[in-house]
2 protein chains.
Amino acid sequence: MPVTVLLVDDEPLVRAGLRAVLAAQPDIEVVGEAADGAAVIPLVRSLRPDVVAMDIRMPLLDGIEATRAVLRTVAEPPKILVVTTFEDDEYVYEALRAGADGFLLKRSRPEEIVHAVRLVAAGESLLFPASVRQLAARYGAGRADAEPLAKARLTEREAEVLRLMARGLTNAEIAAALVVGAETVKSHVSAVLAKLGARDRTQAVIAAYESGFVAPR
Amino acid sequence: MPVTVLLVDDEPLVRAGLRAVLAAQPDIEVVGEAADGAAVIPLVRSLRPDVVAMDIRMPLLDGIEATRAVLRTVAEPPKILVVTTFEDDEYVYEALRAGADGFLLKRSRPEEIVHAVRLVAAGESLLFPASVRQLAARYGAGRADAEPLAKARLTEREAEVLRLMARGLTNAEIAAALVVGAETVKSHVSAVLAKLGARDRTQAVIAAYESGFVAPR
DNA sequence: AGCGGCCTCCCCCGCGCGGGGGAGCGGGTC
DNA sequence: GACCCGCTCCCCCGCGCGGGGGAGGCCGCT
């Protein structure tokens with residue numbers, strides 16, 4: 001019986017890479033993919049994978065929150081293997097605290113990736129913070145640009161407001177649609193902008209499209 | 001004769017993803033890989049690829065320097081397709097100044113990646129994902145969705161302004177980017193809004209996404 | 001019972017935005 | 001030459017937007 005894996009990453013290219021690397025192994029089977037953290041829980045329920053390879057920086061629900069959500073809501077949770085780049089160093093520990101079973105650098109060689117999946121599937125735990133620090137130190141002398149959508153844990157109401165923003169509605173129209181006051185909408189909009197790292201509603205809508213939160217028709 | 005491609009990225013996962021996406025095409029052949037910019041030149045000399053898919057952020061020699069080096073030292077240089085994670089203006093312009101033939105976001109969908117490789121191999125140069133979509137919409141099976149913008153018939157300058165609007169820039173920033181006055185940008189924005197039937201810049205950006213004028217993901 | 005998160009609503013305030021006009025200039029067409 | 005069009009820049013003006021605060025009610029967790 002092969003190890004079944006669910007891939008969760010917002011970049012199709014990374015998913016394709018993981019799939020190519022893992023599917024080449026006879027004892028590993030990729031059973032599904034997700035592009036954001038919000039889609040993980042239903043997929044885990046229906047596919048019941050042994051391992052979830054989870055990116056940290058993702059739209060809608062980041063890997064840390066998604067890890068917490070899976071471990072909190074699923075009866076027999078899969079092993080969580082956090083897949084990260086060096087920029088996410090700070091978040092690695094948070095992910096491990098959230099209950100992740102191990103982490104993996106995207107820079108890893110294919111053999112290491114395969115090895116990591118096998119190990120966590122077998123119940124081993126991968127903790128190599130030293131190597132992460134090394135890599136972070138080596139490459140970290142670069143930009144400090146943000147991860148706008150990663151920390152974006154929108155509440156239900158905020159997500160609803162963002163959807164309406166992404167349909168071109170003004171605050172007043174959103175208020176009418178949701179049957180609340182205009183000031184309330186302003187509060188939600190401000191919260192959305194802050195969480196997305198957007199300067200104005202236009203940038204928020206762009207982020208919504210870019211992250212796949214809303215899809216062009 | 002298939003298009004031959006050399007993959008240059010420091011992350012094996014990204015290389016595997018590109019390879020998986022490109023190798024699935026009968027008319028594209030991945031002839032080699034490199035993990036840093038320094039290894040590119042000898043590989044280009046020996047493999048003579050049609051296209052080099054080049055990451056920007058790499059150890060030893062970044063993609064921009066590697067691009068310059070290849071174009072400076074190789075007799076019949078390949079097309080350089082810069083593959084980048086962030087839609088970062090400075091890097092993009094720097095890469096294009098260095099002689100790159102186009103750039104591609106890692107967030108792009110597989111079809112867009114394949115399309116981009118084919119286009120640069122054919123001698124087309126793609127400056128922005130938007131132009132990729134435009135070309136795709138023009139040659140590919142035209143969707144009815146593309147009509148609002150097709151009918152709008154934006155002038156070149158207006159299209160440029162819309163592109164920058166769709167990247168979240170304010171009027172002042174657009175003015176700075178285009179090296180014109182703020183009042184000029186206002187005029188163009190007004191013209192764009194009128195032609196798109198948009199009430200504000202947010203609706204204009206939505207129309208840009210919905211029509212495929214700019215590409216998500 | 002306390003605490004924190006979420007949703008709701010309110011104030012003031014600055015400013016970017018968009019509409020309404022107008023105008024000069026170069027290039028192309030007729 | 002007359003004409004149109006695209007690009008450029010300018011004026012005034014109203015208003016939606018977003019930031020800065022604050023506040024009360026509800027719920028779930030501890």
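What follows walks through a predicted model, starting at DNA strand D and moving on to a few helices and loops of chains A and B.

Around DNA strand D there are 18 residues, and the ones that come nearest are A:Lys186, A:Arg201, B:Thr155, B:Gly181 and B:Thr184. On the DNA side, sugar and phosphate make up 67% of the strand D atoms found within 4 Å of the protein. Sorted by class, the protein surface here holds 7 charged and 8 polar residues, along with 3 nonpolar ones.

A few individual contacts fill in the picture. B:Gly181 puts a backbone N or O atom 2.4 Å from a phosphate oxygen of DNA strand D. A:Asn171 also works through its backbone, with a polar atom 3.5 Å from a phosphate oxygen of the strand. With A:Lys186 it is a polar side-chain atom that comes in, and its partner is a base oxygen of DNA strand D, 2.8 Å away. As for secondary structure, the elements giving two or more residues to this surface are helix 9 (182–196) of chain A, plus helix 8 (156–165) and helix 10 (182–196) of chain B.

Helix 9 of chain A is worth a look of its own. Its 15 residues reach 21 Å from the first C-alpha to the last, close to the 21 Å expected at 1.5 Å a residue. Buried along this helix are A:Val185, A:His188, A:Val189, A:Val192, A:Leu193 and A:Leu196. Looking down the axis of helix 9 of chain A, these buried residues fall within an arc of 140 degrees, so they line one face of the helix. The spacing fits a general rule: an α-helix has 3.6 residues a turn, so residues three or four places apart point the same way. The cover over the buried residues of helix 9 includes helix 7 (156–165), helix 8 (171–178) and helix 10 (201–210), which belong to chain A as well. Turned away from that buried side, the other face carries A:Glu183 and A:Ala194, both exposed. Just after the helix comes A:Gly197, with a positive phi of about 70 degrees.

Over in chain B, helix 2 (40–47) buries B:Val40, B:Ile41 and B:Val44. Seen down the axis of helix 2 of chain B, its buried residues fall within an arc of 100 degrees, so they too line one face of the helix. They pack against strand 1 (3–8), strand 3 and helix 3 (63–73) of chain B.

Two loop residues of chain B have unusual backbone angles, given that most residues other than glycine have a negative phi. B:Arg48 is not a glycine, yet its phi is positive at about 50 degrees; it follows helix 2 of chain B and sits in the loop between that helix and strand 3 (51–55). B:Val179, another non-glycine, has a positive phi of about 55 degrees. B:Val179 lies in the loop between helix 9 (171–178) and helix 10 of chain B, and is exposed, with a relative accessible area of 70%.

Finally, B:Gln203, in helix 11 (residues 201–210) of chain B, makes a link across chains. Its side chain reaches the backbone oxygen of A:Gly168 at 2.9 Å. Setting aside neighbours within four places in sequence, B:Gln203 is in contact with A:Gly168, B:Gly197 and B:Ala198. B:Leu193 is 10 residues away from B:Gln203 in sequence, and the two are 8.3 Å apart in space, C-alpha to C-alpha.

Notes: Residues are numbered from 1 along each chain as its sequence is written. Chains are lettered from A and ligands numbered from 1 in the order in which they are written. This is a predicted model: local features need pLDDT of at least 70, side-chain atom pairs count only at pLDDT 80 or more; totals for chains, interfaces and linings use all residues. Side-chain values use heavy atoms; hydrogens and water are left out. A residue is near a molecule or strand if one of its heavy atoms lies within 4 Å of it. A polar contact is a pair of N or O atoms within 3.5 Å; within protein, one must be able to donate a hydrogen and the other to accept it, and residues adjacent in sequence count only if both atoms are side-chain atoms. Helices (H or I, at least four residues) and strands (E, at least two) are DSSP runs, numbered from the N terminus. Ala, Val, Leu, Ile, Met, Phe, Trp, Tyr, Cys and Pro count as nonpolar, Asp, Glu, Lys and Arg as charged, and the others, Gly among them, as polar. Buried means under 20% relative accessible area, exposed over 50%, partly exposed in between (1.4 Å probe, protein chains only). The expected span of a helix is 1.5 Å times one less than its number of residues. The arc is that of the directions from the helix axis to the C-beta atoms. Contact means heavy atoms within 4.5 Å.
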